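I opened the model today and kept notes as I went. The entries follow the order in which I looked things up.

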Amino acid sequence: MASLPGGIFPRLVAAFPLLFPLYLFRGSFSGIPVTLPEVVLGVMFAWFLLQLLGKGRELRLRSGWQEWKLWAVFLFLAAAVLGVLVVPDSAFMVDGTEFPTDTKALGILKGWVFAPVLYFVMARSVFRDKPSLIPFALRAMLVSGAVLSFFALKQVWTGEYLTLDGRASGPFESANYLSLYLGPLVLYAILALKESEKTGERIFLGLAGGLCLLGLYFTFSYAAWLALFAALALAVLLYVRRKGKRVFWMTLGGLVVVGLGVLLSEMGSEKFAQFLEYGERSSTGVRVQVYEISLALIRENPLFGIGLGQFEQQYQEVALRVLGEVPFEWNMLHPHNVFLAFWLNMGLAGLVAFVWLCGRALLWLTEFSGEASNKKERPLAALMLVVILVHGLFDTPYFKNDLAFQFWLFMAILL
């Protein structure tokens, strides 16, 4: 069975997470829209294939594709392709403008499915040959998060926000986008810092993690904070299996104190007051309506969903009929729940594939001990996946370029 190309290639694959947020740099190739990470990824994959073929080796990836756990990847890809095939030929928004059904679906298939899975193929092969590069990849992604957080803190300092509600978002149009990316990174920095024994690593993790933590705080994303504390609490529970009750209660008490501090800091804010309002145009009220409409769309399309990227148009089309009134928000890109999003975009098969992938990956949690070791990155990556899943109960991770790459990086580490 062929091994990976040697030399610098594995380190380039591990360093690729530095580019995850750079999808904002866009262009076109032969009339097809492309992003900077897609271009770099294409060059890397061509290099990968040329080195294998140049050495006269059989083109088989060192990843054990016959393993049953990887059939979920094939199911995921098949469901995504089906999510393109089921989209209608044409559709219109409520204002009469034509909605680009095929263009939207094909763009998502390329940027959020094919490109990240292509990276998964290379990264998984790299990590199986050289597991020592897993920490390198996670820290490369931590650096990208620190850079995003720097821009977010600059917005806080200058007061020049991209969002209308004055929440830090970095280069993104929504603060939730930034919080979805940073949440897993903050968790990694905290847990890796605890396990690190080298001064240089501790300084790096402290500085980069601190920047990400501040950036996350100023997004004021309650879902992100809840996801982070849930994963930290789970880490405590797993850790105390071997450390005793005293350590458990001390650590849990610290988490409770920090959580209460965050809660008290927000109790007087306008956002917190709106959070408790269900019948008004608040984040909670909007979500209740979005969930109601999403469930109605699932009841009408239970097997195949509505197709990739069609939620925005379908939401507007059925909102009045489902709610019996004008929705609080007319423009809604996603259903604010990752499980509903997969069901609607990729049908029941897509939801099954996503749950299958995550369930298999989370088995690494049984290996978590909290002991310092350079082989504990996989259980840490599983805890980072927990952040995504908890946050995904209230928002829509994965369905964005950098978030899709982040998810498949975790799959490359954990599968």
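These notes go from the whole chain to its cores, a helix pair, a hairpin and a few single residues.

**Entry: the chain as a whole**

I note at the start that this is a predicted model. I looked up the secondary structure and found 15 helices and 4 strands in the chain. The chain has 415 residues, and 52% of them count as buried. I then checked contacts with a separation of 6 or more. Residues 24 or more positions apart account for 74% of them.

**Entry: the nonpolar cores**

Which residues have the most contacts inside the largest nonpolar core? I found Phe-127 and Trp-408, in a core of 105 residues. Helix α4, residues 101-129, gives the most to this core, with 14 residues. Apart from it I located another core, of 14 residues. Leu-297, Ile-298, Phe-311 and Tyr-315 are among its members.

I went back to Trp-408 for its partners, leaving aside neighbours within four places in sequence. Trp-408 is in contact with Val-73, Phe-76, Pro-116, Val-117 and Phe-120. Leu-357 and Tyr-398 are also on its contact list.

**Entry: Leu-106 in α4**

I stayed in helix α4 and picked Leu-106, which is placed there. Is Leu-106 buried or partly exposed? Leu-106 counts as partly exposed, because its relative accessibility is 49%. I also took a C-alpha distance, from Leu-106 to Val-81. The two atoms are separated by 8.9 Å, with the residues 25 apart along the chain.

**Entry: α5 against α14**

Next I took helix α5, residues 133-158, and helix α14, residues 377-391. They pack at an angle of about 35 degrees. Their axes are 10 Å apart. I read the crossing of α5 and α14 as left-handed.

Which residues meet here? From α5 I listed Ile-134, Pro-135, Leu-138, Arg-139 and Met-141. From α14 I listed Glu-377, Arg-378 and Met-384. By class, this contact has 5 nonpolar and 3 charged residues, and no polar ones.

**Entry: Ser-144**

I moved along α5 to Ser-144, which is found in this helix. Ser-144 has a relative accessible area of 4%, so it is buried. Not counting residues up to four places away in sequence, Ser-144 touches Pro-17, Leu-18, Pro-21 and Tyr-181. I checked the C-alpha atoms of Ser-144 and Leu-22 as well. They are separated by 9.2 Å, and the residues are 122 apart along the chain.

**Entry: the β1-β2 hairpin**

I turned to strand β1, residues 26-29, and strand β2, residues 32-35. They pair in the antiparallel sense over 4 bridges. Phe-29 stands opposite Ile-32 in β2. The hairpin has 2 residues between the strands. Ser-30 takes a positive phi there, near 55 degrees.

**Entry: positive phi in two loops**

I kept a general point in mind for this search. Most residues other than glycine have a negative phi.

Phe-220 has a positive phi, near 50 degrees, and is not a glycine. I placed Phe-220 in the loop between α7 (199-217) and α8 (222-243). Is Phe-220 buried or exposed? Its relative accessibility is 19%, and the cut-off for buried is under 20%, so Phe-220 counts as buried.

His-336 also caught my eye, with a positive phi of about 55 degrees although it is not a glycine. I found His-336 in the loop between α12 (311-323) and α13 (338-361). His-336 is buried, because its relative accessible area is 13%.

**Entry: Gln-316 in α12**

I ended in helix α12, where Gln-316 is found. Is Gln-316 buried or exposed? Gln-316 counts as buried, because its relative accessibility is 5%. What does Gln-316 contact, leaving aside neighbours within four places in sequence? I wrote down Met-93, Val-94, Trp-330 and Asn-331.

Note on methods: Residues are numbered from 1 along each chain as its sequence is written. This is a predicted model: local features need pLDDT of at least 70, side-chain atom pairs count only at pLDDT 80 or more; totals for chains, interfaces and linings use all residues. Side-chain values use heavy atoms; hydrogens and water are left out. Axes are lines fitted to C-alpha atoms, for helices over the stretch in contact, and angles run from 0 to 180 degrees between N-to-C directions. A crossing is left-handed if the near helix is turned anticlockwise from the far one by less than a right angle, and right-handed if clockwise. Contact means heavy atoms within 4.5 Å. Ala, Val, Leu, Ile, Met, Phe, Trp, Tyr, Cys and Pro count as nonpolar, Asp, Glu, Lys and Arg as charged, and the others, Gly among them, as polar. A nonpolar core is a set of buried Ala, Val, Leu, Ile, Met, Phe, Trp, Tyr and Cys residues joined through side-chain atoms within 4.5 Å. Buried means under 20% relative accessible area, exposed over 50%, partly exposed in between (1.4 Å probe, protein chains only). Two strands pair if DSSP finds at least two bridges between them.
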